[in-house]
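Grab the sequence and the 3D view, and let's work through a few exercises together.

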Amino acid sequence: MVDAPHSPPSPRKTLHVIGPDCQERFLAIEHQSAVALRDVGVMWSGISDLVKPYEISRAQPTFHLALYTVAGSGWVDVAGCPAEIGAGELLIVPAGTPCAYGIRSARWQVLWFHLALSTGIGQALRGRAPVIHAAAFTARLQAAMEGFLVEARGSDDGARRAVELNAELIGCYLERELAADVDPRSAAIRRRLQQLWDEVDRNLRHPWSVAALAGHVHESQINLYRLCARHFDVKPMAMVTRLRMERARQFLRETDEPLKRIADWIGYRNEFAFSTAFKRFSGLSPRDFRRQAKPGLGAGRDPG
């Protein structure tokens, strides 16, 4: 069943309609260990699982809004923005911009932040135009926010430290996404590249080449070099090598598997090619790395 088109309220007036079945959880910004959130200008934030009715209209908001859609979709009435926001997208509304938004699908899960006018990230958002674009850090933000919410209920030193770490992660992701780059095309490209690296990480055994990587993101090889340099400061195959070496370190540290098998798992034709690449990358041979990482390993048990 398709929902009937919604007529949004005028953003020239302030309106808050939040139905009784909407579920919202709010981050304790005032928590003693949430300094990192206050430093970047977060005034209020939460995770909302919404059902109808839900609609918000603000005539003259006194804060910047960042709203991430995790699942479902919402309608948007903001000058210059699309009329709908879907999963994986981010709505940025600078302070003073009339705006209205609400739920369009049956359910709508969002992460949201109210940011101070001129503190932290707010300085970068002043004077910006409102925008909806693909978000790069939705899943990571959600995980950090969930961790914050859970740990903020505790009172022991471990819980306070966990709150502090999650607050720092949230602040870091917000700064990387909002303060550094709110250009829609750049955000979309960064997201595509991150998806590419995720695919490589899942399939390290695949015979990756620059041509294969470029084809995966529908770019020319030359353009892929440019995009990787701009967004990750790395050459395409250097990123593949980094991911392979990170996995190799895990295998060497945590298992007794022979080098030949590790080489096959991460995409090298034999243990000699793997050993050469590993030493070039880390400065140690795989055997020396394993001995340092596992000092109890006797010479007679060296699986390499």
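Below are three exercises, each with a worked solution.

This is a predicted model, in which local features need pLDDT of at least 70, side-chain atom pairs count only at pLDDT 80 or more, and totals for chains, interfaces and linings use all residues. Residues are numbered from 1 along each chain as its sequence is written, and side-chain values use heavy atoms, leaving out hydrogens and water.

**Exercise 1.** Work out how much of the protein is buried.

Solution. Start with the cut-off: buried means under 20% relative accessible area, exposed over 50%, and partly exposed in between (1.4 Å probe, protein chains only). By that rule, 46% of the 304 residues count as buried.

**Exercise 2.** Describe how helix α3 packs with helix α4.

Solution. First, find the helices (DSSP runs of H or I, at least four residues, numbered from the N terminus): α3 covers residues 138–151 and α4 residues 157–179. Next, their angle is about 155 degrees and their axes lie 8 Å apart. That makes α3 roughly antiparallel to α4, a label for angles over 145 degrees. Then look at who touches whom, with contact meaning heavy atoms within 4.5 Å: Leu141 and Phe148 are among the α3 residues involved, and Ile170 and Tyr173 among those of α4.

**Exercise 3.** Find out whether Cys99 is paired or unpaired in a disulfide.

Solution. A disulfide needs two cysteine sulfur atoms within 2.5 Å. The nearest cysteine sulfur to Cys99 belongs to Cys81, 9.5 Å away, so Cys99 is in no disulfide. The structure as a whole holds zero disulfides. Finally, Cys99 counts as buried, at 2% relative accessibility.

Definitions and conventions: Axes fitted to C-alpha atoms, helices over the stretch in contact; angles between N-to-C directions. Helix = DSSP H or I, 4+ residues; strand = E, 2+ residues; numbered from the N terminus. Parallel < 35°, antiparallel > 145°, perpendicular 65-115°, else oblique.
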